[in-house]
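Got the viewer open and the selection box ready? Let's walk through this one stop at a time.

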Amino acid sequence: MKTAKKIILFLSLGLILILGFGVFSIFYFYTHPQSIKPAIEKVLSRTTGTLVTINRLSWSVRPIRITASGIRLKSVKKIDIYQVAISSLAIDISFDGPFGKKTMIVENLQVRDFSVRLSEGWSAPVILGDKGESSLLSGVVRRLTDLFIFSDIRFRELQITNGDLVALMGDSNVSLEMIQCSLNKDHLIEVSCKARVDREKDDISLLIPRIHLATDNALSILKPEISGGLTIEGTSFRGKKLNIGDIHGTAGIDYDFNKRRLSFELVKFYMENVAYRDVSEDRSVSYDLSSQGLEIKTALISNHDKGKLTFEPISININNGMLRLSSVAETKKNLFGFQEVDIRDINLDASIIYDHELRKLLFEPASLRSKNIFLKPEAGESLYPLSLSVSMKGVFYLQNRLINASEFDFNLEHMISSSGQLEADFKTQPQFTIRLYECRVLPEKILLFLPKEMREKTDPLQLSGPVNILGSVSVGREGKKGRVQGEIEARFKKNPLVFKGEEFDLKSHISGDISAKGIFPDVNISADISAEQASLFGKGYLFEPFGASLKLSGRYPVFNVKDIRTHIPRAVFTLGERVLRIDNIRLYSPEGRLDRTGKTISFPEIRLESSLMKGLVFGFELDGENIALQLRGKANDILKTAEDLDILPAGWRFSGIDEIDAEIFLKGKNHLSLAARWDLSEFKFENSDSSRVGEGLSINISAESEIDLKTYFSDIDFDVEASKGEILYGRFYFDLGVNPLAISLKGSYDPIKKGLNVPDFALKLKDLLAVNGKGTIPYESKDSGPRISVNIPDTPVKPVFHYFVYEPFKMEHPVLNDIDIQGDISAEISLEGNRGKWKLIGDCFLDNGEIFLERKGIYFRGIDLDLPIWYQSIADDLKQTEKKGMISIRSASARLFPEQSISVSLEAGPNSMSINSPTQLKVPGGEVMIGSIKITEIYTPYPVLNTNISFRDIEIQTLFQEFLPHLEKGLVSGSLDSVKLDRNRLTTTGQIRATPFSGEILITNLGASGIFTSSPLLKMDVQLNNLDLSEITTDTSFGRIQGILRGHLQELEIAHGQPQKFNLLLETVQTRGVTQRISVKAVDNIARIGGGQSPFVGLAGAFASFFKELPYKMIGIRAYLENDVFRINGTIKENGMEYIIKRGGFSGVDVLNQNPDNRISFKDMVKRIERVTGSEP
Amino acid sequence: MKYIKRSFGIIFLCAVISILACVTINIYFPAEQVESVAGEIVDDIRGRESTGDQESMLKTIHLVLSSNIAWAQDVTDVSNPTIRALKEQMKERYSQMKSYYDKGMLKEGDDGYVAVADNSSLNLKEKRDLNNLVNAENKDREILYTEVAKALKIDGSQISKVAEIFAKEWQK
């Protein structure tokens, strides 16, 4: 026998034995039904790994029906870990199909009143025998079973009623009640129950009143799949933070027993009245989620073998829902400064795969969208909605609590558009790392959503255009502190920038490259920023397009700034109606330093160049609360700038080399000190008519001030020194090289009294004049004005006179050449007033003074003068005591005034001066009494003087001895009752009477004009009464005339010692007892004067030689002088003839004026007179 | 014949216009006499020899022929002590001013007064002295013009016209 045959033989024998064993077993159990129950309990126990007991079991073969009651399953290891109890179970079975392909049909399965109790740590029973690959025997058995018994199982009818399940899962109790399961006529299964989950620890409860599952295919062994639909209704969730009023939803379920894969398709959950609120006290932000409806759509696949749970995709739609984030802490930092953030209409779409084995969630991708995000800076205030879109692709490692998003996109309302990578680690303390591959930020839109306070500050600023950011940032915590680390670069190019201030607008295009690297706050920052096409304009100024740039580097809090450059091609300023253009303004600072911690800012050198001011260097130092500002420069053209700015007087020209050095130091908030020095060299100034000119001046101006900013009390120290150059001020000239000028002022501003107090003021022209002063100057006071007192110490008067009187006026008043003055002058003057009402009162002194006009014979010696001064701009009605003064002259002498002493009291009133007591002046032969003198309008160009003068019997012989030595007797007396000097014009009333030559001369209408000019004119009218011609002519070269003379000399004008105009009438009058005779010589002289030639020529001369004197009847002469033309006529007219001398009787001689229009020039007349008086040289 | 008549007509017309013009001018202001006086005075001050004799002669003839001239009978030299003194002062001053004239630092204005033209080459003291010189000169000129007007019986309101006529002489 061959081996093969042997094998077949043995197999056949085995098969027969097995069949026999099977038949035997069937037969046995059929005949011994009591043995089946333990066997089944045993098989089930072994199969499920549990302890299965059946209280009662019965069956029938035809029809096949199995009934059981009191079925219990318990855990083998822990008896209480789970329990399953089935009150009763009945199953009707039939077989259908051809041999070998029999199908077991469960005609009816009924399970009633079952309960399941699961405790902590339970696990579902596992059907044994499926582990690993099946053995040969089991395969044979399975094949045999398929061949001889059935190969498929189908349920035709199924009813499970009144089941319940209670499970303890962790801290949660899960209970399913009213579990109903049925297989309908279409062989579809329907399962329904009521579920409840309670978690007492967290006060959470979930109640699902109805869960309904209906399959859409018949359960089959050959195709072990279940598919159907799941419905839940009326679900409510209650928790501390989350409450959901109603959850209902549907899902398609598909469970593949072979693949052990449970999948949910078309999952739709709808939640109504969702409310989530988290207001934990330890949070600064509360979360409040509310929604009328929250819809979740997804498909979910659970692959039990692979341990994966896959959602693909998941869509969450919140209808009319809102997530409100509210700031509950005082600080709003956690909400970026917002009071509330409302996120509405949230949509979440995600494709999520849960890998149970690795405990990770794969989301590829997950996207979150919302079109309505409201940022509320203040309660009630709302900005227009933002849209948000976030998508992410990556892994969430649940065990490590780590999110690794290989791709993410973040878009917020076109404000931020970014993509990159994200890592989030929630294992211990949250830490986020973002790597930005591309980030585009629009600042102008972000600024709109800043909190109100910040927005108000940034409102004027509009930065348009994108800012591109690259790099990575990690945000996390270290201990209790936050930690931010990163390396980012931000770039923007020609972004429009607009800054609208209250009074200016700035527009520009800025570019920048900013990088930051490090751990906050120790971040290394470098920036390179530039501005192009910048324009700045405001009220009254415009900066035409300019550029600027700077470089910044450093690590917080210290930054170095380098190469700050600004070039403004042109700036235009409008000053009133004037337009000022400044070209090429350049600002440059090579370096600066900012220290946030030390609170220091340092820019030691900021250079300014422009078409106006040049070479200015500023320095700025901020150290905490202290600020130091320096300004220095040379040849800065400050004068030109001031001129262009119309600061200087119009029409004036200024030039010079200026050098400035100033320091301003602000110490804290309350103290400011200022020290400035301004030097001007080669300084020139000149006004429009060149009457005020300075040349070659060297001036040093220094000022120091200490100001208490709390009270504004300030000390001021101001000095000016001018030691070189010349100044012409109208008529006054100063050589500062000879007489350097020094001005110093020390003062203080008193904010309480609101005034400037100047205790010490000094002005000194070396070797010439010094003025010291002090005073107070109120600021904006209606009631009081400045009060200044000035003192001039004893100063030699000679140089003062020379500089202030002689040099300026010598050309117009040559008399000054003759004046020599000695002595010391001094003064004490006070000035007070307000708003145009000024009063200047004081005294000017001259001590030991001497004034000589030697050429004119005038001497004043021993002058002590106290000259009171009272100037008042506006007269007032106040009664005020007059200011007293005096003048005393130890010795005064002049022509007609013998040496004498004079002492006079002076009294000054408002704009007036008076000498109230009469002044007696000695003159040769008597006295002249000058009455009280009153000078008003004394400080105008034309003061008015009023006085009176009386002459008291002055001996005429003595008085005129020098001029008319042959005068023998007579007196001068009279009174000029009113003497008035006004506008260079002197007028008098009254008369002066002289009694020379036994007659009378009356002088009236005495006056003068042009007194203080180069051509004064003396005027008077003279009346001649009964003058004895004999006394006048005796012993004169003119020739003797006897008789009485009357006449007048009217409108007499005398200029420069010469008669300029007169109307002369001389006539003799016959007087009893007075002989009228005239010497031949006198006749001859009269004839010569009248006619120009002697009458005694020829025969007349021979005849006249016999006589010395001739009688005459009358002599009458009228003469006029005007315009240098002398016209002489006789006053005696007889027979058509005009006689100058009419002979008496038959003797004598007639002098005829044969030319009625007898004119001769004054020059000729003088010559004639000189000839006849023998004074001709 | 026609030609002769036409020429005679033109001459007659010119004569009438000339006479009327003379009347119109001389009634109000004795310009010719002021010119004459101004010439004499200025020549005297400046030390120039009078070049206006022939001119004055012609003027005199013209004045005699002009029967409508009311003041013609008072033709005289204009002088008095004030004018003489002024002339002396101005003569003396002119000696100081001449160098400034020569250097172009002074200019005679059309108003009869002298002014500083260009004093840039002077130092300030010299400028001051020059200014004072000019001021003194102008004050004297003001008096001079007043006196001349008074001598010629010209109303005080027309002194500026006198000054303007003098200006022409100063500017020579």
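Which residues of chain B are linked with B:R46 in a network of salt bridges? Select B:R93, B:E108, B:E137, B:D140 and B:R141 along with B:R46, and you have the network on screen. Keep in mind as you click around that this is a predicted model.

**Stop 1: along chain B**

Stay in chain B and pick helix α4, where you'll find both B:D102 and B:K98, 4 residues apart, or about one turn of the helix. Their side chains meet in a salt bridge, 3.4 Å from N to O. B:D102 is exposed at 58% relative accessibility, while B:K98 is partly exposed at 37%.

Now move to helix α6 of chain B, residues 159-170. From first C-alpha to last, this 12-residue helix reaches 16 Å, close to the 16 Å expected at 1.5 Å a residue. Color its buried residues: B:I159, B:V162, B:A163, B:I165, B:F166, B:A167, B:E169 and B:W170. What do they pack against? Show α2 (31-46), α4 (81-102), β1 (106-108) and α5 (124-151) of chain B, and you have their partners.

**Stop 2: where the chains meet**

Bring chain A into view. Here 31 residues of chain B are in contact with 30 residues of chain A. In chain B, the residues that lose the most area to chain A are B:P81, B:L124 and B:R128, which together account for 27% of what that side buries. The area buried between the two chains is about 2,500 Å², with carbon and sulfur atoms giving 48% of that.

Zoom in on B:R128 and A:E807: their side chains form a salt bridge at 2.9 Å, N to O. Helices α4 and α5 of chain B each supply at least two residues of the side that touches chain A. The largest share of that side, 15 residues, comes from α5(B). Across the whole interface there are 5 salt bridges, and 12 residue pairs are in polar contact.

**Stop 3: into chain A**

Hide chain B for now. Chain A has 12 helices and 65 strands, and 39% of its 1177 residues are buried.

Select A:R653 and A:E686, a salt bridge whose closest N and O atoms are 3.0 Å apart. This pair links distant parts of the chain, with A:R653 in strand β34 (residues 653-667) and A:E686 in strand β35 (residues 671-686), 33 residues apart. Buried or exposed? A:E686 counts as buried because its relative accessibility is 18%, whereas A:R653, at 45%, is partly exposed.

Next, try A:E812 and A:R731, another salt bridge, with closest N and O atoms 2.5 Å apart. A:E812 sits in the loop between α7 (797-809) and β43 (819-834) and A:R731 in the loop between β37 (713-729) and β38 (732-735), so the pair ties together parts 81 residues apart in sequence. A:E812 is buried at 9% relative accessible area, and A:R731 is buried at 18%.

**Last stop: two strand residues**

Go to A:T795 in strand β42 (residues 787-796) of chain A. This threonine is buried, with a relative accessible area of 7%. Leaving out residues up to four places away in sequence, A:T795 touches A:L768, A:L769, A:V800, A:G823, A:D824 and A:I825.

Finish at A:R154, in strand β6 (residues 152-155) of chain A. A:R154 is partly exposed at 45%. Draw a C-alpha to C-alpha distance to A:E107: the two are 47 residues apart in sequence and 8.3 Å apart in space.

How values were computed. Residues are numbered from 1 along each chain as its sequence is written. Chains are lettered from A and ligands numbered from 1 in the order in which they are written. This is a predicted model: local features need pLDDT of at least 70, side-chain atom pairs count only at pLDDT 80 or more; totals for chains, interfaces and linings use all residues. Side-chain values use heavy atoms; hydrogens and water are left out. Buried means under 20% relative accessible area, exposed over 50%, partly exposed in between (1.4 Å probe, protein chains only). Contact means heavy atoms within 4.5 Å. The expected span of a helix is 1.5 Å times one less than its number of residues. Buried area is the accessible area (1.4 Å probe) that two parts lose on being put together, summed over both. A salt bridge is a side-chain nitrogen of Lys or Arg within 4 Å of a carboxyl oxygen of Asp or Glu. A polar contact is a pair of N or O atoms within 3.5 Å; within protein, one must be able to donate a hydrogen and the other to accept it, and residues adjacent in sequence count only if both atoms are side-chain atoms.
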